[in-house]
Amino acid sequence: MSLELVLITGMSGSGKSVALRALEDAGYYCVDNLPPELLSQFVTLEQKSSAGRVAIAMDVRSRSSLPLVPQLLRDLSAQGVHVRPLFLDATTETLVRRFSETRRRHPLSGDSGQAALDQQHALVDAIELERELLSDLREHAHVIDTSQIRNAQLQAHVKSLLSAPASRLTLVFESFAFKRGIPVDADYIFDVRMLPNPHYEPQLKALTGRDAPVVAYLEQHADVREMYGQIRKFLEHWLEPLARDHRSYVTVGIGCTGGQHRSVYLVEKLAADFGAKWVTLKRHRELDA
């Protein structure tokens, strides 16, 4: 039996411990903060013990040896290990707020005795330094933006991602509200705010893009049909090349003003249509909150 290895990296405060707990609940053998130098030996031991699924979290505390990780993962893949790297990210503003609320120190922070304003500047500097140190790992992983989601949502999202076959490209469609920020994990963003808005129809305002009256309203507009057709044509053209490039996940963000109607409708329709050929997941950031 081949080994499946999930490697969780990401920004401090982005939810790596939450993701690791989700995988432990899903039956993975989990190890937190494993030094990169021990990765190959650890995998060899787990293969000898006939383990099927393991998950490892690494973070910037191992910064001196983090540059080793991409090559280590390539070597493990060449040996037949199914490597699935996940990178948890969040906006700097979100991370600053989380550290302030929990009163935790960032692992790259300096003297905690500084004045409050200096502390905040130091924290922002530490976060930006961490982004730089982790940039190569982020480039080679599937990114999950945790800025606007709760722990339960993150756990559910991680479990759904890893329930998809490891050997096939997984297409993730995500609806969101521009007023709450653009998801940083999206590979492609489509802005649909120029389409007719059901929010201004009194009988539709309280409904969502999943509801039949909203679907009927949107489908009667030529602009909506044209937008859908153009997004679909773009994806149909580029998904095969992305799959040939050994991409594991492609995240497509569809955004409208409130993340309730237009973006939800398009995500539901795209997920249904592409699900016939690709492994397809869907997320509604504002509805699932």
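Two strands pair if DSSP finds at least two bridges between them. The model used in these exercises is predicted.

**Exercise 1. Strand pairing around R84**

Find the bridge partner of V6, then place its strand in the sheet.

Solution.
- Start with V6: its bridge partner is R84, in β4.
- Count the bridges. Seven of them join β1 to β4. The cut-off is at least two, so β1 and β4 pair. These two strands run parallel.
- Now widen the view. The open sheet has five strands, ordered β2-β3-β1-β4-β5, with parallel pairing.
- Check the edges. β2 (29-32) and β5 (142-145) each pair on one side only.
- Add the twist, which averages 20 degrees from one strand to the next.
- Finish with the helix. Helix α3 (residues 69-78) packs on the sheet and touches β1 and β4. Its direction makes about 165 degrees with that of β1.

**Exercise 2. A salt bridge between strands**

Identify the salt-bridge partner of R84 and state whether each residue is buried or exposed.

Solution.
- R84 forms a salt bridge with E4, with the closest N and O atoms 3.4 Å apart.
- Locate both residues. R84 is in strand β4 (residues 82-89) and E4 is in strand β1 (residues 4-10), so this pair ties together parts 80 residues apart in sequence.
- Apply the cut-off: buried means under 20% relative accessible area. R84 has 5% and is buried. E4 has 12% and is buried too.

**Exercise 3. Two further pairs**

Describe the salt bridges E286–R180 and R232–D273 by distance, location and accessibility.

Solution.
- Take E286 and R180. Their closest N and O atoms are 2.2 Å apart.
- E286 lies in the segment after β9 (279-284), and R180 in the loop between β6 (170-177) and β7 (188-191), so the pair ties together parts 106 residues apart in sequence.
- E286 is buried at 11% relative accessibility, whereas R180 is partly exposed at 32%.
- Take R232 and D273. Here the closest N and O atoms are 3.2 Å apart.
- R232 sits in helix α8 (residues 222-244) and D273 in helix α9 (residues 262-274), 41 residues apart.
- R232 is partly exposed, with a relative accessible area of 29%. D273 is partly exposed, also with 29%.

**Exercise 4. Total and network**

How many salt bridges does the structure hold, and which residues do shared partners join into one network?

Solution.
- The total is 17 salt bridges.
- Follow the shared partners: D89, E128, R131 and R138 are joined into one network.

Conventions: Residues are numbered from 1 along each chain as its sequence is written. This is a predicted model: local features need pLDDT of at least 70, side-chain atom pairs count only at pLDDT 80 or more; totals for chains, interfaces and linings use all residues. Side-chain values use heavy atoms; hydrogens and water are left out. A salt bridge is a side-chain nitrogen of Lys or Arg within 4 Å of a carboxyl oxygen of Asp or Glu. Helices (H or I, at least four residues) and strands (E, at least two) are DSSP runs, numbered from the N terminus. Buried means under 20% relative accessible area, exposed over 50%, partly exposed in between (1.4 Å probe, protein chains only). Axes are lines fitted to C-alpha atoms, for helices over the stretch in contact, and angles run from 0 to 180 degrees between N-to-C directions. Contact means heavy atoms within 4.5 Å.
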